[in-house]
Amino acid sequence: MNIKVIGSGCENCDKTNAVVKECLEELGMDTEIERVTDLVEIVKLGVMTAPSVMIDGKLVVAGQVPSKKQMMKILMLFAKL
Amino acid sequence: MSKIKLYFLTGFLGAGKTTILRNLLENMEGTKVGVIQNELGKISIDGTVLQNNDIQMIELNRGSIFCSCLRLSFVDALTQMAQKGLEYVFVESSGFGDPSNAEEILAATEVMAPGAYDFRGCICLVDCYNFLDQIGDSETIDRQLKHCNLAVLTKVDLVGSEQIEQVKDKVREINPVCPITESANGNIDRSFYDMDLMLYKWAECEDTTNSSKNKPKTFSMDFTGEIQKEKLEAFLAKIEPDVFRVKGFFKVEKEGWEKVDVVGKKRDYAPYEPQPKSQLVFISKIGIALIREIAAAWEECVGLPMKLNN
């Protein structure tokens with residue numbers, strides 16, 4: 001699974017990264033999180049709001065810090081748990 | 001189709017960006033123009049000031065367009081503007097806007113709207129009246145000058161030739177290559193349209209100093225009713241040491257609606273069209289503590305109910 005946390009370095013991007021990390025740990029998944037902070041790379045992904053989360057090329061969170069509950073649900077869906 | 005000519009207008013708080021932009025727009029009837037206007041605070045005073053012109057406008061508030069918190073929105077705004085068949089787009093950054101990363105913004109815009117823009121340069125307005133007092137206040141001023149392609153000294157009509165020379169020397173210290181022109185009474189020499197300003201590039205692209213953490217606090221005040229000019233003056237004089245800037249509009253007894261503008265020790269008033277309520281925006285030098293200072297000064301000088309928002 002490829003997980004991208006997208007945003008050019010604002011406080012909310014760090015918060016989003018922390019939520020995803022916490023969920024992965026709780027689910028016992030050792031998937032690495034890829035941080036995309038470069039503005040050009042972000043727009044190349046077609047993302048225009050931050051923070052966002054992309055899993056396997058699908059935008060699953062756009063322009064907000066996800067709640068832990070929401071993120072757990074998404075990860076479980078993608079991991080088919 | 002020819003490319004849209006894109007200019008960035010920078011300059012510290014109160015340098016006259018909106019005034020100069022209005023001046024530029026005055027003679028552009030029949031030309032398709034877009035304006036992206038950026039304010040630090042939640043409400044846009046300058047947006048209201050510019051609203052009367054027949055222009056395409058996008059406002060980006062609550063931060064600097066060069067900061068990580070707003071730069072995606074800035075790229076998005078430029079992308080939207082690229083689809084409107086415009087000839088010119090002017091971007092008026094906030095007074096705290098540090099354009100050190102302008103090239104990064106332009107590169108991202110090129111991805112979204114390939115070949116749409118011809119970036120003609122970054123024009124930095126320098127407030128001749130206040131510049132020498134402000135220069136130590138913020139790294140932003142340094143960065144704005146370092147990364148400009150043209151410096152326009154504004155308010156030269158308010159100072160002597162010696163001060164103009166002192167300001168020029170200081171600008172030269174920070175940016176030895178940009179052309180320097182002068183602007184009096186809010187008028188700007190339009191010959192820069194014919195110049196290739198991009199030849200005058202001094203600093204390389206770098207990280208902006210703008211971040212959500214070092215953004216100055218802004219507060220706004222709503223007031224219904226009218227007060228005497230002397231009371232408004234006394235209030236503004238009292239809070240002046242604690243603010244970078246105050247701007248807005250106010251209903252003044254006997255005189256009607258006035259546009260209010262405070263930069264440093266200079267307070268300007270101009271007649272203004274009627275508004276639903278009086279409103280002032282304060283950009284704080286002392287963070288959240290300004291709330292207390294505003295409340296105390298208002299109580300002492302005016303003493304009527306008002307609403308303070310952050």
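**Exercise 1. Determine whether Arg62(B) is buried, partly exposed or exposed in this predicted model, and describe its backbone.**

Step 1. Count the neighbours: Arg62(B) has 18 C-beta neighbours inside 10 Å.

Step 2. Apply the cut-offs: a buried residue needs 20 or more such neighbours, and an exposed one has 12 or fewer. Arg62(B) therefore counts as partly exposed.

Step 3. Place the residue: the loop between strand 3 (56-60) and helix 3 of chain B holds Arg62(B).

Step 4. Examine the backbone: the phi angle of Arg62(B) is near 70 degrees, which is a positive value in a residue other than glycine.

**Exercise 2. Carry out the analysis of phi, location and exposure for Lys254(B).**

Step 1. Phi of Lys254(B) is near 70 degrees, again a positive value in a residue other than glycine.

Step 2. Lys254(B) belongs to the loop that connects strand 9 (243-252) with strand 10 (256-263) of chain B.

Step 3. Because Lys254(B) has 7 C-beta neighbours inside 10 Å, it counts as exposed.

**Exercise 3. State which residues of helix 3 of chain B are buried, and identify what they pack against.**

Step 1. Of the 11 residues in helix 3 of chain B, 8 are buried, and the helix is thus described as mostly covered.

Step 2. The buried residues are Arg71(B), Leu72(B), Ser73(B), Phe74(B), Val75(B), Ala77(B), Leu78(B) and Met81(B).

Step 3. Within chain B, these buried residues pack against strand 2 (33-38), strand 3, strand 4 (88-92) and helix 4. Their packing also involves helix 2 of chain A.

**Exercise 4. Explain why the buried residues of helix 4 (residues 102-112) of chain B line one face of the helix.**

Step 1. List the buried residues: Ala102(B), Glu104(B), Ile105(B), Ala108(B) and Thr109(B).

Step 2. Look down the axis of helix 4 of chain B: the buried residues fall within an arc of 160 degrees, and so they line one face.

Step 3. Find the packing partners: strand 1 (4-11), helix 3 (71-81) and strand 5 (117-127) of chain B, together with helix 2 of chain A.

**Exercise 5. Describe the contact between chain A and chain B from the side of chain A.**

Step 1. Each chain's share of the contact is given by 12 residues from chain A and 12 residues from chain B.

Step 2. On the side of chain A that touches chain B, helix 2 (residues 39-44) of chain A gives the most, with 5 residues.

Step 3. By residue class, this side of chain A divides into 7 nonpolar, 3 polar and 2 charged residues.

Step 4. Consider the loop between helix 2 and strand 3 (52-55) of chain A, where Pro51(A) has its place. The peptide bond from Ala50(A) to Pro51(A) is cis, with omega near -5 degrees.

**Exercise 6. Compare the length of helix 7 (residues 161-174) of chain B with the expected span, and assign its buried and exposed residues to sides.**

Step 1. Helix 7 of chain B has 14 residues and reaches 20 Å from its first C-alpha to its last, close to the 20 Å expected at 1.5 Å a residue.

Step 2. Val167(B), Val171(B) and Ile174(B) are the buried residues of this helix. They cover an arc of only 60 degrees around the axis, so they sit on the same side of helix 7 of chain B.

Step 3. On the other side, Ser161(B), Glu162(B), Glu165(B), Asp169(B) and Glu173(B) are exposed.

Step 4. The buried residues pack against strand 5, helix 5 (131-134), helix 6 (139-146), strand 6 (150-154) and strand 7 (180-182) of chain B.

**Exercise 7. Relate the domains of chain B to the largest nonpolar core.**

Step 1. The domain assignment gives domain 1 (4-199) and domain 2 (218-309) of chain B. Their C-alpha centres lie 26 Å apart.

Step 2. In the contact between these domains, 12 residues of domain 1 of chain B meet 11 residues of domain 2 of chain B. The contacting side of domain 1 divides into 5 nonpolar, 4 polar and 3 charged residues.

Step 3. The largest nonpolar core has 99 residues, and Leu9(B), Ile123(B), Val126(B) and Ala151(B) have the most contacts inside it. Both domains of chain B give residues to this core, so it lies between them.

Step 4. Not counting residues up to four places away in sequence, Ile123(B) touches Tyr7(B), Phe8(B), Leu9(B), Cys148(B), Leu150(B) and Val152(B).

Conventions:
Residues numbered from 1 in each chain as written. Chains lettered and ligands numbered in written order. Predicted model: local features only at pLDDT ≥ 70, side-chain atom pairs only at ≥ 80, totals over all residues. Domains from an automatic or database assignment. Contact = placed C-beta atoms within 7 Å. Nonpolar A, V, L, I, M, F, W, Y, C, P; charged D, E, K, R; others polar. Helix = DSSP H or I, 4+ residues; strand = E, 2+ residues; numbered from the N terminus. Arc of directions from axis to C-beta. Expected span 1.5 Å × (residues − 1). Core = buried A, V, L, I, M, F, W, Y, C linked by C-beta atoms within 7 Å.
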